[in-house]
Amino acid sequence: MKLSHYCREFLKCVVLPVGLAASALLAGCGGGGEESASSAEQTGLSGKKIGFAQTGAESVWRTAHTDSIKSEAEKRGVDLKFSSGEGKQENQIRAVRSFIAQGVDLIMIAPIVETGWDPVLKEAKRARIPVVLLDRRVDTTDTSLFETFLGSDFVEEGRLAGQWMVDNVKGDAVKIVEMQGTPGSAPAIDRQKGFVEVVNANSRFQIIESQSANFRRADGKDLMESLLKKHKDIDVLYAHNDDMAFGAIQAIEAAGLKPGEDIVIISVDAIKEAFSMIIAGKINCTVECSPLLGPLAFDVAEKILAGEEVERKIVMKDEVFDATNAAANIDSRMY
Ligand code: GZL
């Protein structure tokens, strides 16, 4: 398979609202604006073998992400080789090596953590199999090891969460506990970075504790139980995803406190259940991070396999939801 020259010299970035038709992406990548495929018979991907190494099934968001990839692959007649990392990078790396051995046409990875990817990505490059990063980035100095990154700007999500807090939470000495996602993962690192940027610029706010609950609901409940025992003056919980926030809410209610009132809850992902919680007054704000990457991911794959240039970085645009807009939007939510 002949791989054409890709734009490797520099990272270019395209910011796309989630609902944007894939054809806009094709046009934006110099694809002549051809319509994106809408059924298997129309796609250049029919019969192509594509390996997808997913992180696991740690959250509702992740399940929606997996469903988006699998359903789009089926629609386009792709022979998808799916592997769940079950939360372990070594499982993902093993899956990528298996995809290489099978001689797939392209590999998609949602890297659980940022580091440790160079060796296996070099093996894919030597096998002349293009790699697309979905959802999470890798930490590498060799940008030739992947063709593009498709996902959200997690630093911006952290900033949006922090700014909502500054704009909506009153008080002179606001105490925050932060519930981080998977240690070493791009969303956990960046959502903390963006949020701390805002906190550091606003002296009214102080993060009194920051620990990981691995993006998991049960871990969020356990962590909040321990935080409530340790701190009697928590004003705000900033959770890196809705699932951990839901677990924390269970612990807050079990402690006889009112989530959304006694403790302000700020979260990320904007899954449909979070909208219900906002309407119920138990979550105050959730920052969107769309998992619906399937259509764009396979548009990019089609262009790569057709030997065409693709943007090095395709960033989804995220919105902020709270009591002012949750009810108006809940019915249209797709995950
Ligand atoms: C973010 C994604 C995160 C979600 C979590 O793009 O990597 O992983 O925020 C998921 O819900 O587990």
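These entries record what I looked up about the ligand and its surroundings in this structure.

Entry 1, the model. I noted at the outset that the model is predicted.

Entry 2, the site. I looked up where the ligand sits and found it in the largest cavity. I then turned to the domains. Domain 1 (18-152 + 291-320) and domain 2 (154-288) each contribute residues to the shell around the ligand, so the ligand lies between these two domains.

Entry 3, the shell. I found 13 residues around the ligand, of which Glu 58, Asp 135, Arg 136, Arg 191 and Asp 269 come nearest. Sorted by class, the shell holds six charged, five nonpolar and two polar residues. As for secondary structure, I recorded that helix 2 (60-75) and helix 6 (186-200) each provide at least two residues of this shell.

Entry 4, polar contacts. I asked which side chains place a polar atom by an oxygen atom of the ligand. For Arg 136, an N or O atom of the side chain is 2.7 Å from a ligand oxygen. For Asn 241, I read a distance of 2.9 Å between a polar side-chain atom and an oxygen atom of the ligand. For Arg 62, the corresponding distance from a polar side-chain atom to a ligand oxygen is 3.0 Å.

Entry 5, coverage. I looked up how much of the ligand the protein covers: of the 320 Å² of accessible area that the ligand has on its own, 100% is covered.

How values were computed. Residues are numbered from 1 along each chain as its sequence is written. This is a predicted model: local features need pLDDT of at least 70, side-chain atom pairs count only at pLDDT 80 or more; totals for chains, interfaces and linings use all residues. Side-chain values use heavy atoms; hydrogens and water are left out. A residue is near a molecule or strand if one of its heavy atoms lies within 4 Å of it. A polar contact is a pair of N or O atoms within 3.5 Å; within protein, one must be able to donate a hydrogen and the other to accept it, and residues adjacent in sequence count only if both atoms are side-chain atoms. Accessible areas come from the Shrake-Rupley method with a 1.4 Å probe; for residues, only the protein chains shown count as cover. On a 1 Å grid over the protein atoms alone, a cavity is a set of points where a 1.4 Å probe fits but cannot get out, and a pocket is an open set with protein on both sides within 12 Å along at least five of seven lines; lining residues have an atom within 4 Å of a point. A molecule sits in a cavity or pocket if more than half of its atoms lie within 2 Å of its grid points. Helices (H or I, at least four residues) and strands (E, at least two) are DSSP runs, numbered from the N terminus. Ala, Val, Leu, Ile, Met, Phe, Trp, Tyr, Cys and Pro count as nonpolar, Asp, Glu, Lys and Arg as charged, and the others, Gly among them, as polar. Domain bounds come from an automatic or database domain assignment.
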